[in-house]
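Student: I'm new to this one and would like a close look at a single part of it. Could you pick a spot, tell me what surrounds it, and then lead me from there into the rest of the fold?

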Amino acid sequence: MKKFFLKFSIFLAVIGVPFGIFNELYKNTNYWKSTNEVYELKNHPDQISLLNLGNSHEMSALRYEKYYQGISNNFATSSQPFYYSYQVLRNVKGSISDGAVVLIPISYFDWYYDWRELFTKIKTYNNRYYSFLTPSQMYNYEFDTHIECGIFPLLTAKGNVKYIFHDTRLPDIEAENLTRFMDGGAGHAEDVAEYKYNSWMDDVMELGEGKDRIYKENRRDLVKLIEYCYSEGYRPVLLCTPVTSLLNQRFSESFLQDFDEKAQEVCSLFPNLLFLDYSKDVGFTENLQYYADSDHMNSLGGDMYTKKVLNDLADAGVIGKEMLKEECVR
């Protein structure tokens, strides 16, 4: 037994302690904190009075810093479903002020978003949440993955260990992005919109026999998210961020009508729920210079969109007009 403890002590001294030190150093790098687009979800201010959830559309389109007087944060990340928006919001409860405004986006694909299938195929989407959510909040929790992705990421860091010594800069979610959707020409823009449409229809949504089940699951998660906001004293606002007309026109009238009807059904459950629907706002859908691709705004579009959203929130009495910076006032 003494020999065992001696060997164990030597192991800790030679391997265990250095590994633990380097693991903590790696976890404190800007690279690891921001990998997989979750920096804002893990590292955020306190006393937040305005925030948004959502996916990559809102991640690129909502830019509060220049226009909002209060403390805000963008909790969107690529392909984030209602389920994880709910878990993210629960996770940051201690950093949100009483009466905070919570923007809850819905995208065209959200009702039939088969995210569980997608997250099983592309494990990175699910694994990114291990670094800051609890096991009970995780979909399809796996202990081994938790160890690798959440507790000891150094185990799978490989060449990324270099960032301990030469770190990246902190990400700037509101950085200027002047990419223009139309720079590649009309034919390029059409191709990009067609590709995104086919991707959503074939790879993101379940539109076959399982569509009703997927819809019910997603609707349940959205309703649960809204109910949670009210129970915590937050002010939820439903939001639909616009995409380009080139993408819009590829969806059938029946698909768009179904999207609208399902949104209104949820709104009918909450009489005081404000729904800011910009899906058909030609001021955005027709201005292709606002977009980096068929459905993601560049910084120019994001600035214009953020100002529109903030002014509409103020006009509706959701936020005070005094919370708008001079650059935002109409």
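Tutor: Let's start at Q289, which sits in the loop between α13 and α14. Keep in mind as we go that this is a predicted model. Is Q289 buried, exposed or something in between? Q289 counts as partly exposed because its relative accessible area is 35%, and partly exposed covers what lies between under 20% (buried) and over 50% (exposed). Setting aside neighbours within four places in sequence, Q289 is in contact with R180, N298 and L300. You can also look from Q289 across to T244: the two are 45 residues apart in sequence, and their C-alpha atoms are 9.9 Å apart in space.

Now move along to A292, which is in the loop between α13 (282-285) and α14 (299-315) as well. A292 has a relative accessible area of 23%, so this residue is partly exposed too. What does A292 touch, leaving out the neighbours within four places in sequence? The list is N177, T179, F181, M297 and N298. You met N298 a moment ago, as a contact of Q289. T179 is a nice one to find in the viewer: 113 residues separate T179 from A292 in sequence, yet their C-alpha atoms are 5.1 Å apart in space.

Hold on to F181, as that name will come back. First, let's turn to the nonpolar cores. The largest has 57 residues, and L89, I106 and W111 have the most contacts inside this core. Several elements supply at least two residues each: β1 (48-52), α5 (82-91), β3, α6 (115-121), α9 (186-204), α10 (211-231), β4 and α12 (253-268). The largest share comes from α10, with 7 residues. Apart from this core lies another, of 30 residues, and here is F181 again, listed among its members with L62, L310 and I319. That takes you from the loop to the second core: A292 is in contact with F181, and F181 belongs to the core of 30 residues.

Back in the largest core, I106 is worth a click. Beyond its neighbours within four places in sequence, I106 is in contact with F82, W111, L222, L238, L239, C240, F259, A263 and F275.

Among these contacts, L238 leads us to the sheet, as the bridge partner of I104 in β4. The sheet is open and has 5 strands in the order β2-β1-β3-β4-β5, with parallel pairing. At the edges are β2 (72-74) and β5, each pairing on one side only. On average, neighbouring strands of the sheet are turned by 20 degrees against each other, ignoring direction.

Let's walk across the strands. β1 and β3 are parallel and pair over 4 bridges, and L50 has V101 as its bridge partner in β3. β3 (residues 96-105) then pairs with β4 over 5 bridges, again in the parallel sense. Besides I104 and L238, you can find L103 opposite V237 in β4. Finally, 4 bridges join β4 to β5 (residues 274-277), also running parallel. Here V237 turns up once more, with L274 as its bridge partner in β5, while L239 has L276 as its partner in β5. How covered are these strands? In β3, 8 of the 10 residues are buried, and in β4 (residues 235-240) it is 5 of the 6.

One helix to trace next is α12, which packs on the sheet and touches β4 and β5; the direction of α12 makes about 160 degrees with that of β5. α12 also has a helix partner in α10: the two pack at an angle of about 40 degrees, with their axes 11 Å apart. Their crossing is right-handed. On the α10 side the contact is made by Y215, R219, L222 and I226, and on the α12 side by K262, E265 and V266. What kinds of residues are these? The contact has 4 nonpolar residues, no polar ones and 3 charged. L222 ties the picture together: this residue of α10 takes part in the contact with α12, and L222 is also in contact with I106, one of the residues with the most contacts inside the largest core.

Definitions and conventions
Residues numbered from 1 in each chain as written. Predicted model: local features only at pLDDT ≥ 70, side-chain atom pairs only at ≥ 80, totals over all residues. Heavy atoms only, no water. Buried < 20%, exposed > 50% of the residue type's maximum accessible area, 1.4 Å probe, protein only. Contact = heavy atoms within 4.5 Å. Pairing = 2+ DSSP bridges. Core = buried A, V, L, I, M, F, W, Y, C linked by side-chain atoms within 4.5 Å. Axes fitted to C-alpha atoms, helices over the stretch in contact; angles between N-to-C directions. Left-handed = near helix turned anticlockwise from the far one by under 90°. Nonpolar A, V, L, I, M, F, W, Y, C, P; charged D, E, K, R; others polar.
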